[in-house]
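Notebook open, structure loaded. I want to look up a few side chains and then check the cysteines.

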Amino acid sequence: MRAVCVNPTEATLVCIVSACADLGALDRGKRLHSFLDAHRIKLNTVLGPALTDMYAKCGSIEEAIQVFHLIPRKDVLSWNTIIAGLAMHSHVKGCYQLFMQMIQSGSEPDDITFVAMLSSYSHAGYGAHSGMAGMVEEGLRLLGCMSSRFNVTPKAEHYGCVIDLLCHAGLLEKAMELIVECQWNPMPVLGEHYLVLVESMVMWNLASGLTSI
């Protein structure tokens with residue numbers, strides 16, 4: 001395209017950035033970022049989140065944060081992208097700080113925002129034991145205030161994040177209670193996921209019992 005002197009459109013640039021993100025092609029993504037800078041193409045609420053997502057998915061969360069701060073007028077997509085990126089890297093504190101900044105800026109969190117927030121607690125729970133109780137408490141609190149404070153009805157994805165968190169904390173009974181309390185039938189969505197976690201916990205308990213003999 002550049003060889004025949006055709007300038008790429010915004011849609012083309014977003015597609016290329018997204019492809020770099022999906023492939024984990026950080027070097028190519030950086031070259032494209034340099035192209036944007038060289039041609040003085042400003043980051044907006046379309047290119048900005050795409051570039052932020054690329055850096056996050058390629059493991060460069062610090063550069064993702066830098067790009068996010070360069071977006072002049074951040075919309076919900078911009079906030080959701082960086083929060084999801086931080087959640088991917090288990091940066092629970094960073095997710096919470098940006099979530100609060102989002103609210104203070106006047107942007108209304110949506111269901112995607114809460115999936116990102118709840119998944120940050122869930123991701124941080126993998127292999128972590130210290131502070132687990134606090135993450136469970138925060139996850140349950142956030143799930144509970146979604147509809148009452150933010151007028152966002154919890155969906156299967158939100159319950160799935162919290163159930164995943166509860167199971168990894170060893171709170172299987174609480175996880176089952178949450179499934180029972182759902183106003184819809186969650187088993188088609190959560191059943192297999194939950195059973196896999198239960199099986200894992202059972203195997204872990206059996207292994208613990210054997211090592212104590």
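Is His33 buried or exposed? I'm working from a predicted model here. His33 comes out buried, at a relative accessible area of 13%. I find His33 in helix 2, which covers residues 26-38. Skipping residues up to four places away in sequence, I get Leu51, Tyr55 and Val67 as what His33 touches.

Next entry: the core. Leu51 turns up again, this time in the largest nonpolar core, which has 59 residues. Leu51, Met54, Ile83 and Leu142 are the ones that touch the most other members. I also looked up which helix gives the most to this core, and it is helix 8 (residues 132-150), with 8 residues.

I then pulled the contacts of Met54. With neighbours within four places in sequence left aside, Met54 is in contact with Val17, Cys20, Ala21, Leu26, Gly29 and Lys30. Cys20 is on that list, which takes me to the cysteines.

Last entry: disulfides. I count 0 of them. Cys20 is in none, and the nearest cysteine sulfur to it belongs to Cys58, 7.2 Å away. Why is there no bond from Cys58 to Cys20? I'd need the two sulfur atoms within 2.5 Å to call a disulfide. The Cys58 sulfur has its closest cysteine sulfur in Cys20, and 7.2 Å is too far for a bond.

I checked burial for both as well. Cys20 is buried at 6% relative accessibility, and Cys58 is buried too, with a relative accessible area of 17%.

Key
Residues numbered from 1 in each chain as written. Predicted model: local features only at pLDDT ≥ 70, side-chain atom pairs only at ≥ 80, totals over all residues. Heavy atoms only, no water. Helix = DSSP H or I, 4+ residues; strand = E, 2+ residues; numbered from the N terminus. Buried < 20%, exposed > 50% of the residue type's maximum accessible area, 1.4 Å probe, protein only. Contact = heavy atoms within 4.5 Å. Core = buried A, V, L, I, M, F, W, Y, C linked by side-chain atoms within 4.5 Å.
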